[in-house]
Amino acid sequence: MVYASSPIGCILAGGKGERMGGVCKPLLTIGSKSLLELQIAALKPQTRSLLVSTARVANLLSHSNIAVVTDAQCGEQYIQQGPLAGVVSALDWLNREHTDSDWLLTIPGDTVCIPRNFSELLMNSIRRHQSVDTKCAFAVCDNNPYYLAALWHRDCLADLRHYLDSGERKVSQFLCGQNAVKVEFSRTNTASLPPFFNINTQDDYDYAKAAMANKNL
């Protein structure tokens, strides 16, 4: 049976940002802070420690107190193979470096609004489903799934490797095969943006900046 413990937080920052001209989206600024800084501030109180999984190490190492892993550390076959390769790298690091924690909490590097109860709700959902040995959970808001706003047990690593090695890449398909738990998050009337709002385009970025302008970031 899987038992819950405080998760390690992981920011998945390996995307190419192609729809925005190849920018490193975690370094985009909203107010006076980068997305990466906002994500670190949101995840730190909810996790045991933090990790960044990225292909752009040089740009992100200024946060020297945050561990960094790359897809290449798990084998050349995982380089540029999508976000699940980043999860593989992070779980591999977790299994090597953090034997005191069974869980990895992930968030994409282009996510703006991370709820304060993100970790709590996912962990509680896992506890309620321990009888079926659930190993994954992900967030849903307004009927929109956020497959990478998720909680992964360390034992997912072998299944993830097998999935990627078979040529598959789709996150939703893997989670479905793992009987992952869907966890509902509510949008509050006072929130500037919905939970897990992510920046995919310049319009998204402009909208997020305008919505967060009064937050004194």
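What follows is a chat between a visitor and a guide about the predicted model shown above.

Visitor: I'm new to this one, so how many helices and strands are there in the protein?

Guide: The protein holds seven helices and nine strands, and since this is a predicted model, everything I tell you is computed from it. Of its 217 residues, 52% are buried.

Visitor: And what share of the contacts comes from residues 24 or more positions apart?

Guide: If you take the contacts in the protein with a separation of 6 or more, residues 24 or more positions apart account for 69% of them.

Visitor: Let's start with the sheet. In what order do the strands come?

Guide: Seven strands make up an open sheet, and the order across it is β5-β4-β1-β6-β8-β7-β9, with mixed pairing. At the edges are β5, residues 67-69, and β9, residues 181-184, each of which pairs on one side only. On average, neighbouring strands of this sheet are turned by 30° against each other, with direction ignored.

Visitor: Which helix packs on it?

Guide: Helix α1, residues 35-43, packs on the sheet and touches β1 (8-13), β4 (50-54) and β6 (103-108), while the direction of α1 makes about 165° with that of β1.

Visitor: You mentioned β4; how many of its residues are buried?

Guide: Five of the five residues of β4 are buried, so the strand is largely enclosed by the rest of the structure. Both of its faces are covered, with L50, V52 and T54 buried on one side and L51 and S53 buried on the other.

Visitor: And what does β4 pair with, parallel or antiparallel?

Guide: With β1 the pairing of β4 is parallel, over five bridges, and there C10 stands opposite L51 in β4. β4 also runs parallel to β5, joined to that strand by three bridges, and V52 stands opposite V68 in β5.

Visitor: What about β7 and β8, in which sense do they pair?

Guide: β7 and β8 pair in the antiparallel sense, over six bridges. You can find C141 standing opposite N144 in β8. As background, strands of a sheet pair through backbone hydrogen bonds, and they do so either parallel or antiparallel.

Visitor: Changing topic to helix α5, which of its residues are buried?

Guide: Helix α5 spans residues 156-165, and its buried residues are C156, L157, L160, Y163 and L164. They cover an arc of only 125° around the axis, which puts them on the same side of α5.

Visitor: Why do residues three or four places apart in a helix point the same way?

Guide: An α-helix has 3.6 residues a turn, so residues with that spacing of three or four places point the same way.

Visitor: And what is on the face turned away from the buried side?

Guide: That face of α5 carries the exposed residues A158, H162 and D165. The buried residues of α5, for their part, pack against α3 (83-97), β7 (136-141), β8 (144-153) and α6 (171-177).

Visitor: At what angle do α3 and α5 pack?

Guide: α3 and α5 pack at about 145°, and their axes are 10 Å apart. The crossing of these two helices is left-handed. In α3, the residues L84, A85, V87, V88, L91, D92 and N95 meet C156, L157, L160, R161, Y163 and L164 in α5. The residues of this contact divide into 10 nonpolar, one polar and two charged.

Visitor: Can we look at L164 again; how far is it from G82?

Guide: L164 and G82 are 82 residues apart in sequence, and in space they are 9.5 Å apart from C-alpha to C-alpha. L164 is found in helix α5 and is buried, with a relative accessible area of 4%.

Visitor: Last thing: which residues have a positive phi although they are not glycines?

Guide: Among them are N179, with a positive phi of about 55°, and F196, with one of about 70°. N179 is found in the loop between α6 and β9, whereas F196 lies in the loop between β9 and α7, residues 202-211.

Visitor: Are those two buried or exposed?

Guide: N179 is exposed, with a relative accessible area of 62%, while F196 is buried, with a relative accessible area of 1%. There is also G167, just after α5, which takes a positive phi of about 100°.

Definitions and conventions:
Residues are numbered from 1 along each chain as its sequence is written. This is a predicted model: local features need pLDDT of at least 70, side-chain atom pairs count only at pLDDT 80 or more; totals for chains, interfaces and linings use all residues. Side-chain values use heavy atoms; hydrogens and water are left out. Buried means under 20% relative accessible area, exposed over 50%, partly exposed in between (1.4 Å probe, protein chains only). Helices (H or I, at least four residues) and strands (E, at least two) are DSSP runs, numbered from the N terminus. The arc is that of the directions from the helix axis to the C-beta atoms. Contact means heavy atoms within 4.5 Å. Axes are lines fitted to C-alpha atoms, for helices over the stretch in contact, and angles run from 0 to 180 degrees between N-to-C directions. A crossing is left-handed if the near helix is turned anticlockwise from the far one by less than a right angle, and right-handed if clockwise. Ala, Val, Leu, Ile, Met, Phe, Trp, Tyr, Cys and Pro count as nonpolar, Asp, Glu, Lys and Arg as charged, and the others, Gly among them, as polar. Two strands pair if DSSP finds at least two bridges between them.
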